[in-house]
Amino acid sequence: GSSGSPVIDRTGSCIAVNAGGATEAASAYYFPLDRVVYVLDWLRANPDKPPLPPRGTLLTKFLFQPFDMLRKLGFTEEQEQRVLREHSAASAPS
């Protein structure tokens, strides 16, 4: 899968890390990059502690973004149609 892959904005900047997805729903979940950096900094600063930051410190909210919201971010109608076709083909009974 693509978990762990960078999420790149239109300018080429990494803004998040892919945390997982649900192919049945054509959706994905992302960790904002500042939260990933926070955890890496915590791990570097606490080498003698168990390799997990304290629970609840990721401060991450998962948001569902419909296609019309993605369009404001540069996602085109053609891209939407391709995703819908691929999702429809992948979820069709075999």
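Two strands count as paired here if DSSP finds at least two bridges between them. Helices (H or I, at least four residues) and strands (E, at least two) are themselves DSSP runs, numbered from the N terminus. By that yardstick, three bridges join E1 to E2, and the two strands run antiparallel. The model is a predicted one, so local features need pLDDT of at least 70 and side-chain atom pairs count only at pLDDT 80 or more, while totals for chains, interfaces and linings use all residues. Residues are numbered from 1 along each chain as its sequence is written, and side-chain values use heavy atoms, with hydrogens and water left out.

First, the overall layout. The protein has three helices and three strands, and along the sequence they follow the pattern β-β-β-α-α-α. Of its 94 residues, 14% count as buried, where buried means under 20% relative accessible area, exposed means over 50%, and partly exposed is in between (1.4 Å probe, protein chains only). The protein exposes about 7500 Å², with carbon and sulfur atoms supplying 59% of that area; accessible areas come from the Shrake-Rupley method with a 1.4 Å probe, and for residues only the protein chains shown count as cover. As for contacts (heavy atoms within 4.5 Å), take those between residues at least 6 apart in sequence: 21% of them join residues at least 24 apart.

Now the sheet. Strands of a sheet pair through backbone hydrogen bonds, either parallel or antiparallel. Here the three strands form an open sheet in the order E1-E2-E3, with antiparallel pairing. Strand E1 (6-8) and E3 are the edge strands, each pairing on one side only. On average, neighbouring strands of this sheet are turned by 50° against each other, direction ignored. Axes are lines fitted to C-alpha atoms (for helices, over the stretch in contact), and angles run from 0 to 180 degrees between N-to-C directions. E2 and E3 run antiparallel and are joined by six bridges. Val17 turns up in the pairing on both sides: Val17 is the bridge partner, in E2, of Pro6, and Val17 also stands opposite Phe31 in E3. The hairpin of E1 and E2 has five residues between the strands, and there Gly12 takes a positive phi near 95°.

Asn18 sits in strand E2 (residues 14-22) and is buried, with a relative accessible area of 11%. Setting aside residues up to four places away in sequence, Asn18 touches Ser2, Ser3, Gly4, Ser5, Val7, Tyr29 and Tyr30. One of these, Ser3, lies in the segment before E1 and counts as exposed at 53% relative accessibility. Beyond neighbours within four places in sequence, Ser3 is in contact with Asn18, Ala19 and Gly20. The C-alpha atoms of Ser3 and Tyr30 are separated by 9.0 Å, with the two residues 27 apart along the chain.

On to helix H1 (residues 33-45). At 1.5 Å a residue, its 13 residues should span 18 Å, and the end C-alpha atoms are indeed 18 Å apart, so the two agree; the expected span is 1.5 Å times one less than the number of residues. The buried residues of H1 are Arg35, Val39 and Trp42. Seen down the axis of H1, these fall within an arc of 60°, so they line one face of the helix, the arc being that of the directions from the helix axis to the C-beta atoms. The buried residues of H1 pack against strand E3 (27-32), whereas Arg44 and Ala45, on the other side of H1, are exposed.

Further along the chain, Phe75 is in the loop between helix H2 (67-72) and helix H3 (77-91). At 22% relative accessibility, Phe75 counts as partly exposed. Leaving out neighbours within four places in sequence, Phe75 is in contact with Phe67, Leu70, Glu80 and Val83. Phe75 and Arg10 are 65 residues apart along the chain, and their C-alpha atoms are separated by 9.8 Å. Glu80, in turn, is found in helix H3 and is buried, with a relative accessible area of 13%. Apart from residues up to four places away in sequence, Glu80 touches Phe67, Arg71 and Phe75.
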